[in-house]
Structure formats: structure tokens, C-alpha cells
Amino acid sequence: MELTTQPLAENFGLEVLDVNLADIDDATFEAVRALWQKEPLILFRRQNPTNEEFIEFCRRFGTLDIVIGQNEPDEHYPELLFISNLYLQDGSEIGGLGSGELVWHTDQIYRDKPASGSIFYGVEMPSGIAATSFCNMSLAYKTLPQSMKDRLEGKRAICRYSTRFPLASYALENSSNAPRARFNEEYFKKVEERTPEVVHDMVLEDVKTGEKTIYVSPNHTSEIEGLDEEAGRDLIDAVLDHALQDTFIYSHNWRNGDVLFWDNARLLHRRDAFDPGQPRYAKRTTIFLDPDFFLVPEPELPLPDHLPNRD
Ligand SMILES: [Fe+2]
């Protein structure tokens, strides 16, 4: 079955027209999945699923993660991550991530088996502000000069959730903007215990398609195996200088009812800071994508000796 689509940007991203995600038959679902396999960023507008419908649909792509971040999982819908700058009357947060800038990163690279699929449902989205931008790391890889591909060949990077010492100059220069900068030593200790460092191949290959992508996160990659700090920084800076060009970036201006799918194995993303007085409310699922259909970032080689094996 053929879906009707239109491009979001010159180089990547597709909007799918005329599909209601809350009520989708098997043939349409398979067409949507096939499209997401090919295209790392797909958008559906004017959606209005209930929590149950949203969860049920997302679950068809793989097991849903229960994300433990700044906020405890919701009692009724633990699979939904609520993202909001709103507060309840008792002063507690409705969701996480506030209104500050979120610098370029890819979700969950700090886990050895990341849940790399994200489906984000924007319920109440302020117009013209708080855009989310995406950088296509597959396109970036494809256009790298051969000398850079050679430098990345076989390289692995150590990633940590709490990046007090990110390797990339970009992250060092921008880390004061990260919302987690407001947390204290005790918070970092707790987070480090929960999310010990992991290692990932810097270039991932989808064996089904042969497509390659660069897998680093400016905000989480803290070291490159076999390189000292300076050489590691040179390499990741060169990669990001190439990747973070306008031609590989799409900025999404949200509308209420947008449902945006993105694949963290193939995209970086960031969010603009916005006026905290503008209400913003969204729900997201985070999916262990089915490896029969998607490129799933799992290190193939054994972990280095100094890292615990957590299988
Ligand atoms: Fe994110």
C-alpha cells in the first residue's frame, strides 16, 4: 500500500497525509513502518489519540521503554513520558524538560541497548517558538570525505548520561544551557549509579540496507577509545562541524496535534529555549525498535575490560 506524503525539508523528513494513527489497519501500519525504516523523520498532523490509543499504536513498533528521568513515571501510563513546562496547583511538574534549550544530542546513547525510537505527540504546542531541530547523521556520513570515514572506521566512543565532561567543543560551549546544569553533585552521583558509562560504535551500519550513520551525541559522548582527550576532541569536532550544517538540518515548528516519529540511531535533535509563560504540553513514547526492521545500536564487540557487562 502506498502512503501519500510530502517532504518536510529539501533533504529529509516526510509528512504523511490522510492517516489517523488512532485507527489504523495492518496494511497501513506496515506501510508506515516501511516508511520509517527508510526515512528517519516522519510527521502526522491533526492527530488526537487517547493515551490508550497512542500507547497501543506505538507498541506495534517494539517494546515501550519506561523512561526514568527527572520525573517519576506516570502512575497510570508509565510508558508515556510527559514533556511540559506546566505545573499542577500543588506546585509539582506535569512533565519534564522545562523551557530551556536542549542542546544537540541523541536520546539513550548512554545505554548499552538504547530504546532508539521516539514518537512525540504535541498536544499543546506554542506556535512559532520552541522548535525542535533534527540533524540527519546518515546524510552526514554519506557526504563525509573519505579521509574522515577512514578516521572513524572501527572507532568506538564512551558515552555517559551525566556529561559534566563532554568531549565535543560544541557541548562544552553550550552545556551551561542544559537544564541538568541546575542539579547538584548528589544528583549526578545517583544518575551515574543508575546509568554507568557505555561504549558504542561511532559508525553504525544497517545490515539490511547497507546504510551507514554516525552515532555520537555531543552532549553524552565523553571519550573515544584509543585516543587521548585532544585527539578525541579533534575527531568529534570535525565530525560535528561537518554534520551540523544547514543542509542536514530540519527545524520543526510545532502545531497542536503533530505526531513526529524520529529514529535516534540516525538523527540528532535539539530544542530551542522558549518563554516559560507559553504553555507547552506533549507526550512521548520511547521504543526498543524491532531489530528485524530497524537499525538498532548495539555494540557488536565485547565491552572493554573496565566496563561492566550488564547482560
Ligand atoms: Fe531528546
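**Stop 1: Cys135 and the strands around it**

Select Cys135 and look across to strand 15, where Ile249 stands opposite. You are exploring a predicted model. Now colour residues 132-136, which make up strand 9, together with strand 15: the two run antiparallel and are joined by four bridges.

Widen the selection to the whole sheet. Four strands form this open sheet, in the order 7-17-9-15, and their pairing is antiparallel. Strand 7 (102-105) and strand 15 stand at the edges with a single partner strand each, so one side of each has no neighbour in the sheet. From one strand to the next, the twist averages 15°.

**Stop 2: His252**

Stay on strand 15, which covers residues 249-252, and click on His252. Is this residue buried or exposed? His252 counts as buried because its relative accessibility is 0%, under the 20% cut-off. Show the side chains here: that of His252 makes a polar contact with the side chain of Tyr250, at 2.8 Å. Beyond its neighbours within four places in sequence, His252 is in contact with Leu43, Arg45, Ala131, Thr132, Asp258 and Leu260.

**Stop 3: the iron ion**

Next, select the iron ion. Which residues coordinate the iron ion? They are His105 and His269, each through NE2, and Asp107 through OD, at 2.1 to 2.2 Å. Along the chain, these donors follow the spacing H-x1-D-x161-H. Check two of them for burial: His105 has 12% relative accessibility and counts as buried, and Asp107, at 9%, counts as buried too.

**Stop 4: helix 2**

Move to residues 51-59, which form helix 2, and highlight the buried residues Asn51, Phe54, Ile55, Phe57 and Cys58. Turn the view to look down the axis: these residues cover an arc of only 165°, which puts them on the same side of helix 2. Here is some helpful background. An α-helix has 3.6 residues a turn, so residues three or four places apart point the same way.

What do the buried residues of helix 2 pack against? Their partners are helix 1 (26-38), strand 4 (62-64), strand 8 (117-124), strand 16 (259-263) and strand 18 (281-289).

**Stop 5: a hairpin**

Go to strand 1 (residues 4-7) and strand 2 (residues 14-17), an antiparallel pair joined by four bridges. Pick Thr5 to find one of the matches: its bridge partner in strand 2 is Val16. The two strands form a hairpin with six residues between them, and in the turn Gly13 has a positive phi of about 90°.

**Stop 6: a three-stranded sheet**

Select strands 11, 10 and 14, which lie in that order in an open sheet with antiparallel pairing. Strand 11 (198-201) and strand 14 (221-224) are at the edges, each with a single partner strand, so each has one side without a neighbour in the sheet. The twist here averages 35° from one strand to the next.

Zoom in on strand 10 (residues 156-159), which runs antiparallel to strand 11 and is joined to it by four bridges. Ile158 has Val199 of strand 11 as its bridge partner.

**Stop 7: Gly232**

Finish at helix 7 (residues 229-243), where you will find Gly232. This glycine counts as buried because its relative accessibility is 0%. Leaving out residues up to four places away in sequence, Gly232 touches Leu167, Ile224 and Leu227. For a last distance, pick the C-alpha atoms of Gly232 and Pro291: these residues are 59 residues apart along the chain, and the two atoms are separated by 30 Å.

Notes:
Residues are numbered from 1 along each chain as its sequence is written. This is a predicted model: local features need pLDDT of at least 70, side-chain atom pairs count only at pLDDT 80 or more; totals for chains, interfaces and linings use all residues. Side-chain values use heavy atoms; hydrogens and water are left out. Buried means under 20% relative accessible area, exposed over 50%, partly exposed in between (1.4 Å probe, protein chains only). Contact means heavy atoms within 4.5 Å. A polar contact is a pair of N or O atoms within 3.5 Å; within protein, one must be able to donate a hydrogen and the other to accept it, and residues adjacent in sequence count only if both atoms are side-chain atoms. Two strands pair if DSSP finds at least two bridges between them. Axes are lines fitted to C-alpha atoms, for helices over the stretch in contact, and angles run from 0 to 180 degrees between N-to-C directions. Donors are N, O and S atoms within 2.8 Å of the metal (3.2 Å for Na, K and Ca); water is not among the atoms, so sites may look incomplete. The arc is that of the directions from the helix axis to the C-beta atoms.
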